[in-house]
Amino acid sequence: MRGMRIRFTGALMSVAVASATLWLTATPIAGQAPAGFPAYKAAVRTADGKPDLSGIWEAMTSANWDILAHSAQPGPHPQIMGAWGAGRGGQSIVEGNEIPYQPWAKAKQQENLKNRMVVKVAADPSRFDTGDRELQCYRPGVPRANYMPYPFQIFQTPEEIVMVYEYKGALRSIYMNATDEAPGDTWMGWSNGKWDGDTLVIDVNGFNGNTWLDRAGNFHSDALHVVERWTPISPYHIRYEATLDDPKVYTRPWKMSFPLYKHVEANAQLVEFNCVPFVEEMMYDPIGLYRSQPRQAK
Amino acid sequence: MRTRTLVQCGAVTLGIIGVLTVAPAGVAAQTRAEIADAARKASPRTAEEAATFFEAEVARKTAAAIARVYDPTRPPTPVKKTPWGHPDLRGYWLSLSYTPLERPAEFADKALLTPQEAIEFFKKAVVEDAAVDPATVHYDWKEFGMDTWQSPVRPNRRSGLIIDPANGKLPPLSPEGQRRRAAAQAAGKGVDPQTAVSTLNNFYTRCITGNQGPPRLPFNHDSESQIFQTPNYVLLITQSNNDVRIIPLDGRPHVPQEVRPWLGDSRGRWEGNTLVVETTNFHPDRLWRGATGNMNLIERFTRVDDNTISYQITVSDPAQWAQPWTAEIPWPRIEPPLFEFACHEQNYGVINVVTGAQIRATEGKPAARDGDN
């Protein structure tokens, strides 16, 4: 692949490949970067000549509050959380600042927003009819894991790339040049990867439909299909793009993008964020299980 | 063995079985026996019929295993290397064994069994494990192919996993360990910790960690794991809870002592063909087998042949044990992949465990035995 000339088409164009699998034809020329980014030819490479994406990365956006453009906002409990609980304003990471929801889905997003702090804990699947899953320390799904305000680490080999997210220690294994189908529906999806020139392309499906895209109630279903493109644009930056297709929820595929920044501190390492103990009181106290409160005999 | 397994898996995918904890012999024993009898009468199959159903599979599995007795005295075969020249530990490995942690009394003077003795011990354990009690069959892992004997578990010439102290037993508690245990027992007297999530001291049931330590002792389900290597890191990924340990190999110092991850802070180095990992800075609430957050763990991973890793642990914590102790567990190789283990997301088990404990407390019944994770 090294030195291979690939042409960047400018606007991304989606094509349905034989099995209706969506792959994108974004093909940057070596020496050119995706639109709006400086030209860069990855200098740091692995033994097999691929760009080396190893390292600790983090998005620098407020998209976890809302992937669309949004003002700063007070937190849900300003009476005790003050500025600590407030959310930053921020620009959209979504192309065109619009998610092409089907009409019912737009209404559902509004309802989600209203109910985003609802916590439902039940010993049956109704527990997933609830507010934002991040509140309960559930796995964030893809692409959300990549723009949460936590770093994550990429470990790269030719056969498999592993991504470990500081938030909850959420894990993705990306099987390179594989076409295996997801063995079941999951929170983080099933990832098959391949190199397109200097871009790592990951096809992700097999989602369970339980994750949201942000705290603003933007969502998808279990039909979500994500194609991610990871392109190094400097030794310290990756341009991340994701195309989301979900015929149950959207009217067409749509795209988000943002840069990832590399942690270069000498002592950088993921510091475990195991949030389960942080949410137990919130989840189990309302149903009488957090503190010992033996029931009265009837 | 069966009952212990049921206690421990409360948190996981078969969460509904979490309430089937086992009361100590005594007050509740009669009731439990009555319930089991009723279930056996209602079962469409007798124990004998059920055993027949699995007979051929047991024979096949046993035959395959006895050809692969683990012999710690055998010198390792030449080591495979990664493309960058490190010993190659990559792949998927299983931490399961029928060999008990402490050497049983019957082998008090025999640390190493003959291969034939190892096979006899193994066969007995498999038959016992594969037995089907119709009272529990609907909660039995073997219906899903997940019993230990259905895995690539192997006989072991060691009679117990502990190799130091030389008597094969856990060392005695240190004076501080005795004091801490007495204080904990006094504080918990009369209160069943399982009646509230906040006091439930099984962090696996709460999905805070999986059931695979560190260190990893081979007494649990979901014992599959992956070792993933790059030139600069080793990742240890366990099926249980998808716990991931990131182990840098660059010689950097441990994080400052203020940082206390549940899985500790690990640093690795190569010593010949062995990966040596030192883990410190454990979370103070973790209390692994009663140890404090200052427990020091040394793990040694050696690929002794294509299909086996020798996993050796040395655990020390003067606040718990009078001396360090060492155990060796052979890990057979298994097929990929691992699967997502979203434990907390659907932790029905903890609801049932705590609700059950509250009902027992209300009715004046004794507390259930806790799992020993």
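In chain B of this predicted model, strand S1 (residues 91-94) sits between two antiparallel partners. One is strand S3 (residues 224-229) of chain B, which pairs with S1(B) in the antiparallel sense over four bridges; here B:Leu94 stands opposite B:Glu224. The other is strand S10 (residues 325-334) of chain B, which runs antiparallel to S1(B) and is joined to it by two bridges. On that side, B:Trp93 faces B:Arg333 of S10(B).

Turning to chain A, nine strands close into a barrel, and going round it the order is S3-S4-S5-S6-S7-S8-S9-S10-S11. The pairing in this barrel is mixed, and neighbouring strands are turned by 30° against each other on average, leaving direction aside. One of the pairs involves S7(A), residues 190-196, and S8(A), residues 199-205, which are antiparallel and share seven bridges. Within this pair, A:Asn192 has A:Asp203 of S8(A) as its bridge partner.

As for how the two chains meet, chain B puts 40 residues into the contact and chain A puts in 35. On the chain B side, strand S4 (233-238), strand S5 (244-248) and helix H6 (348-362) each supply at least two of the residues that touch chain A. H6(B) gives the largest share, with nine residues. Sorted by character, the chain B residues at this contact come out as 25 nonpolar, ten polar and five charged. For the complex, the predictor gives an ipTM of 0.88 and a pTM of 0.88.

Back in chain B, helix H3 (residues 47-66) is not straight: it bends by about 45° at B:Phe54. Its buried residues are B:Ala50, B:Val58, B:Lys61 and B:Ala65, so a lysine is listed here alongside two alanines and a valine. Some of the spacing along the helix can be read from the geometry of helices in general. An α-helix has 3.6 residues a turn, so residues three or four places apart point the same way. Part of the cover over the buried residues of H3(B) comes from helix H4 (115-130) of chain B.

Finally, a word on confidence. Chain B has a mean pLDDT of 87, with 88% of its residues at 70 or more. The N-terminal stretch is another matter: over residues 1-28 of chain B, pLDDT stays under 50. The model nonetheless has 71 contacts beyond four places in sequence for these residues.

Terms used: Residues numbered from 1 in each chain as written. Chains lettered and ligands numbered in written order. Predicted model: local features only at pLDDT ≥ 70, side-chain atom pairs only at ≥ 80, totals over all residues. Pairing = 2+ DSSP bridges. Axes fitted to C-alpha atoms, helices over the stretch in contact; angles between N-to-C directions. Contact = placed C-beta atoms within 7 Å. Nonpolar A, V, L, I, M, F, W, Y, C, P; charged D, E, K, R; others polar. Bend = angle between axes of the 7 residues up to and from the residue. Buried ≥ 20, exposed ≤ 12 C-beta atoms within 10 Å, placed from the backbone. pLDDT = per-residue confidence, 0-100.
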